[in-house]
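Colleague: Pick one loop in this model and take me through it closely. Start from a single residue there, then work outwards until I can see what surrounds it.

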Amino acid sequence: MATQQLKTPAGVLDLEAALAATDPPRSFSAFALTPLEPPPGDDRLEIVHFAVACKSCGGDAFHIGAHPIVAPADGGAMDRANLRPPHRLRCARCGATGMLFDPDKDGYNGVLCGGSDQPSGTGGEIFTPTPMKTYVAPTYNVYLPELQELAAQAGGGVKPSDLFDWINIIQADPPGDTYALELDYECA
Ligand SMILES: [Zn+2]
């Protein structure tokens, strides 16, 4: 006999992700964020996805800034391996540009440990040539009471949602299951 599975119409965010959905990390504050409804399912999700828009003009297509190890002129087509943080986003419509993620300042290690073991680029920032809809998704593996305690101990206005331990930066147009570009970093 088949087992009937009851599915909720929309998935459920874990407490930490639900808090971040309503009070996003400060490092994303240069942009207007819209949390996406989690996909259907029974699992409580530790990740929350935000659609990113420009605070200046409302545009939602961006070029991603990155620091290549090999300049495209020298290494041919730009590939994922060339894209090093920190990552700024440039609005395709009005050109407004803001920082989205700097591993040395953002996320668990950036906020609490003063740095990151992620390789960062320095000079020679480039921007991806084709603007696309952009999403950012922090993940929280630390339980909410501990996150709140760590944020309070850190002081300086640190929010629990600042202490994400993974980040995905996604570009897709149209939004769907396949991404044109996905950058992800461990932050803890
Ligand atoms: Zn704009």
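**A serine in a loop, and what lies around it**

Modeller: Let's take Ser 27, which sits in the loop that links α1 to β2. Bear in mind that this is a predicted model. The average pLDDT is 87, and 86% of the residues reach at least 70. The stretch to leave alone is residues 1-8, where pLDDT stays under 50; the model gives that stretch 5 contacts beyond four places in sequence.

Back to the serine. Ser 27 has 22 other C-beta atoms within 10 Å, and because the cut-off for buried is 20 or more, it counts as buried. For background, 31% of the 188 residues are buried. If you set aside sequence neighbours up to four places away, Ser 27 is in contact with Phe 101, Asp 106 and Asp 162. Take Phe 101: it is 74 residues from Ser 27 along the chain, yet the two C-alpha atoms are 6.5 Å apart. Contacts of that long-range kind have a big share here: of the contacts between residues at least 6 apart in sequence, 66% join residues at least 24 apart.

Now step back along the chain into α1. Its buried residues are Glu 16, Ala 17, Ala 20 and Ala 21. They lie on the same side of α1, because the arc they span around the axis is only 140°. What they pack against is β1 (12-13), β2 (31-35), β3 (44-45), β9 and α4 (144-154). Three of these alanines turn up again from the other direction: Val 48 touches Ala 17, Ala 20 and Ala 21, along with Leu 13, Pro 35, Ala 137 and Pro 138, once neighbours within four places in sequence are left out.

Val 48 is a good handle on the interior. The largest nonpolar core has 31 residues, and the members that touch the most others are Val 48, Val 52 and Val 136. Plenty of elements feed that core with at least two residues each, among them α1 (15-22), β4 (50-54), β5 (61-66) and β9 (132-139). β6 (87-91), β7 (97-101), α3 (107-112) and β10 (166-171) do likewise.

β9 is the strand to look at next, since the buried residues of α1 pack against it. Of its 8 residues 7 are buried, so β9 is largely enclosed by the rest of the structure. Its partners are worth going through in turn. β4 runs antiparallel to β9, with 2 bridges between them, and Phe 50 faces Val 136 across that pair. β5 is also antiparallel to β9, again over 2 bridges; there Phe 62 is opposite Met 132. With β10 there are 6 bridges, antiparallel once more. Two of the pairings on that side are Tyr 135 with Ile 170 and Thr 134 with Gln 171. As a rule of thumb, side chains in a regular strand alternate between the two faces of the sheet.

From β10 the ladder goes on to β11, which is antiparallel to it over 6 bridges. Ile 170 has a partner there too, namely Glu 182. Two places further on is the contrast to our serine: Asp 184, also in strand β11 (residues 181-186). With 12 other C-beta atoms within 10 Å, Asp 184 is exposed. It still has company: beyond four places in sequence, Asp 184 touches Trp 166, Ile 167 and Asn 168. Its C-alpha atom is 6.2 Å from that of Ile 169, which is 15 residues away along the chain.

One last thing to check in your viewer, in another loop. The peptide bond from Pro 85 to Pro 86 is cis, with omega near 0°. Pro 86 belongs to the loop between α2 (72-75) and β6. For the overall tally, the secondary structure comes to 4 helices and 11 strands.

Technical notes
Residues are numbered from 1 along each chain as its sequence is written. This is a predicted model: local features need pLDDT of at least 70, side-chain atom pairs count only at pLDDT 80 or more; totals for chains, interfaces and linings use all residues. A nonpolar core is a set of buried Ala, Val, Leu, Ile, Met, Phe, Trp, Tyr and Cys residues joined through C-beta atoms within 7 Å. Two residues are in contact if their C-beta atoms, placed from the backbone, lie within 7 Å. pLDDT is the predictor's confidence in each residue, from 0 to 100. Two strands pair if DSSP finds at least two bridges between them. The arc is that of the directions from the helix axis to the C-beta atoms.
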